[in-house]
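Colleague: I'd like to learn how to read a model like this one. Could we go through it feature by feature?

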Amino acid sequence: MSGADNVVWLGAPAFPEAARTALADTRLRANLRRATGTIRDKRLAVAAELEDWEELRETAASVKRHTLRHLDHHLLRLEKAVTAAGGVVHWASDAAEANRIVTALVKATGGGDIEKHEVVKVKSMATQEIGLNEALADAGIRAYETDLAELIVQLGGDRPSHILVPAIHRGRSEIREIFRREMGEWGRPAPEDLTDEPRDLAEAARLHLREKFLRAKVAVSGANFAAADTGTIAVVESEGNGRMCLTLPETLITVMGIEKVLPSFADLDVFLQLLPRSSTGERMNPYTSLWTGVTEGDGPRNFHLVLLDNGRTATLADEVGRQALACIRCSACLNVCPVYERTGGHAYGSVYPGPIGAVLTPQLVGIENAASLPFASTLCGACYDACPVKINIPEVLVHLRAEAVEAKRRDRLLPTTEALAMKAAGAVLGSPRRLAAVQRLAAMGARLVARDGRIGALPGPFARWSGTRDTPAPARESLRAWWRRTRPPTSEDSGTTAERKG
Amino acid sequence: MRIALFITCFNDTMFPRTGRAVTELLERLGHTVEFPQGQTCCGQMHFNTGYRPETLPMVRRFAEVFAGYDAVVAPSGSCAGMVRDHHRVVAAQYGDAALAEAVEHVVPTVYELSELLVDVLGVTDVGACFPHRVTYHPTCHSLRMLRVGDRPLRLLRAVKGIDLVELPAAESCCGFGGTFALKNADVSNAMLADKMRHVQNTGAEFLSAGDNSCLTHIGGGLSRLRTGVGTMHLAEILASTEGDLR
């Protein structure tokens, strides 16, 4: 299952463990807080500018719902339109197949000249997801990331930690070090006197990348959207480096998750308003590139579209979980998530981090391969409020938690400690008599361990709670006991029918 | 109005004074409060931790015990949210048609305390007096599941003598999240640390909220650090009167 190997990073620890490591890194936390805080505030301000923001969200959500319900139909329309416009459509059921297709296409363009076996890349989550760069490297093809943040990640031998800002975890002095150390290995070296001023760093990247743009014969991109009626593909970006890749090379290969299709070109109207405001907090993104097949004398002469499934059809089959496929990768949910803000993206151990990753990743790879992710949330709901396409992330999280628990029940001979505790709690909470008995016991026990009504260190699973927090002692008299003692019974007080059933 | 008190298992066991405060408050406003003894728990812990089938008996019990009241009040945003958002889901997934109907019947009568007071009973000034510096944490489920908005603050602003101060980053989660605090203890602690810092910066004597679970988390941290900041459920502030001062 090579697809899963890259959606979920091999050997990545479960979330709680990875989070502990991340939390210990104070510089990381400071970088994250500053970066997410800035984007969060900008997003709120520009979203508030649009009077019809909520209507736009609702429209986007309904377009996505409709498209996902009739995905097969719209994909076939897309294939027809792209083919008619002179493009070639390929279907890939998983990562391995997609990588095979792209590798073969690149090799076919290079002829026997190994020098030509290189590609420039537009920032793309889909190619991250399938591990394309590594697959190309195995075939002797060098892939150069041209997005500034992806370049930092690639040169640093690192993993992306944010959907939109893959190098969000890096400070500018770290970036300077990476550029000085690594740029020469990949092409034009960084200037000797490189400072950590953003302008200087950007200039170094510009010079380094320019030779790649001018030399490359093949570019690989993802897609933000694809219009089924016209066969038009859309990529939005901030730097213009993507546009260089989309226009200069002779061959353009686009790898696109099948959920990215939209029924019509006119639908872009809605999404091109929502995406930049939600992602970078800009009213409009600086570069929007649209292309339809190939055009004589303008842009790439060959266009290939690889339609990637890689777990999406299985996700589509889940009525609650499928809404995660509506994601437009804006990363608004990451920027408002209090858990992401403190742990960063690497803790999620997946190419899709944050709240959307916590619901998308387990669905793409199977819950048993990412069982800790649906629990990496307090269910505070900030992500749902921020999502421009109204994905009810908390709803999907608890839905997947149930699946994780069921998967564990299936796989184990003996129940987990947690399952036993939940069963015991269920038995107590299933009957007011048993609950009252436990309350009396708890009150007695508390009197033994509490000091000034507070309990300090606790044993067992509660040790991690009591390490930093006191616990109030259970009351000497529960409310139900107080009520019985002080209030005359009424007809409704008996609860006898429920009691018999419980 | 004949109002049933759904105290929630957590308040029942740990914070009976909150339930007594709700009772006093509503009776002071001229309403009849009843405590159905058959009640237990909304099932939130089981549901949110993934033990969904185990939630069914609690959903069934709730629908049965709380049927037929004018209103059911819960001094907990997250438990009220559980009933309102998820009981239908459980009934549909594991129950029968009769249960689904019973749930459908009871859910619209369930209110969180500030909703009941402002929307149903139409009061914002409940005649309370609490001459202390207080800051308010809105709690995620009240804020985003129930959308109680500024109802608690409107109630608090009307309290005589109160010095209500704004909590910085009030809408950030405190990091409790039920079993999250155990499963992801380190992240939970990091979130708690920030929340406590904000609370302390207000100089408040009391941190208030509509959920004792969040208050247990934040208050437990404040207590461990010996900050001297107390926690108090919204209901207890609203139940306080000038008589309590003497």
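Colleague: Let me start with chain B: how many of the ten residues of helix H4 (residues 56-65) of chain B are buried?

Modeller: First the ground rules. This is a predicted model, where local features need pLDDT of at least 70, side-chain atom pairs count only at pLDDT 80 or more, and totals for chains, interfaces and linings use all residues. Side-chain values use heavy atoms, with hydrogens and water left out, residues are numbered from 1 along each chain as its sequence is written, and chains are lettered from A and ligands numbered from 1 in the order in which they are written.

Modeller: Now the general idea: buried means under 20% relative accessible area, exposed over 50%, and partly exposed in between, with a 1.4 Å probe and protein chains only. Helices (H or I, at least four residues) and strands (E, at least two) are DSSP runs, numbered from the N terminus. In H4(B), seven of the ten residues are buried, so the helix is largely enclosed by the rest of the structure. Those residues are Leu56(B), Met58(B), Val59(B), Arg61(B), Phe62(B), Ala63(B) and Val65(B).

Colleague: How far should I trust the prediction for chain B, going by its average pLDDT?

Modeller: pLDDT is the predictor's confidence in each residue, from 0 to 100. Where it is low, the predicted coordinates should not be read in detail. Chain B averages 96, and 100% of its residues score at least 70. For the complex, the predictor gives an ipTM of 0.96 and a pTM of 0.94.

Colleague: Next, single residues. What does Gln44(B) touch?

Modeller: A contact means heavy atoms within 4.5 Å. Leaving aside residues up to four places away in sequence, Gln44(B) touches Ser78(B), Cys79(B), Met82(B) and His141(B). Gln44(B) belongs to helix H3 of chain B and, at 15% relative accessibility, counts as buried.

Colleague: And is His86(B) buried or exposed?

Modeller: His86(B) counts as buried, because its relative accessibility is 13%. You'll find His86(B) in helix H5 (residues 77-94) of chain B. With residues up to four places away in sequence set aside, His86(B) touches Phe47(B), Gly81(B) and Met145(B).

Colleague: Let's try a longer helix entry. What span does helix H19 (residues 393-411) of chain A reach from its first C-alpha to its last?

Modeller: The expected span of a helix is 1.5 Å times one less than its number of residues. H19(A) has 19 residues and reaches 26 Å, close to the 27 Å expected. Its buried residues include Ile393(A), Val396(A), Leu397(A) and Leu400(A). An α-helix has 3.6 residues a turn, so residues three or four places apart point the same way.

Colleague: What covers the buried residues of H19(A)?

Modeller: The cover includes helices H15 (332-336), H17 (354-365) and H18 (382-386) of chain A, together with helix H3 (44-49) of chain B. At the start of H19(A), a side-chain oxygen of Asn392(A) comes to within 3.1 Å of the backbone nitrogen of Glu395(A).

Colleague: On to strands. In which sense do strands E7 (residues 206-209) and E8 (residues 230-233) of chain B pair?

Modeller: Two strands pair if DSSP finds at least two bridges between them. E7(B) and E8(B) pair in the parallel sense over four bridges. The chain gets from E7(B) to E8(B) through helix H12 (residues 212-224) of chain B, and this β-α-β crossover is right-handed. Right-handed here means that, with the strands pointing away from the viewer, the path from the first strand over the helix to the second runs clockwise.

Colleague: What is the strand order in the open sheet of chain A?

Modeller: That sheet of four strands runs E8-E5-E6-E9, with mixed pairing. Strands E8 (261-262) and E9 (287-292) of chain A stand at the edges with a single partner strand each, so one side of each is left without a neighbour in the sheet. Strand E6 (residues 232-237) of chain A pairs with E9(A) in the antiparallel sense over six bridges, and Glu237(A) stands opposite Tyr287(A) in E9(A).

Colleague: Last one: what is unusual to look for in phi, say at Thr8(B)?

Modeller: Look for a positive value in a residue other than glycine: phi of Thr8(B) is near 75°. Thr8(B) sits in the loop between strand E1 (2-5) and helix H1 (9-14) of chain B and counts as buried at 2% relative accessibility. Arg147(B), also not a glycine, has a positive phi of about 55°, but counts as partly exposed at 44% relative accessibility.

Note on methods
Polar contact = N/O pair within 3.5 Å; in protein donor to acceptor, adjacent residues only side chain to side chain.
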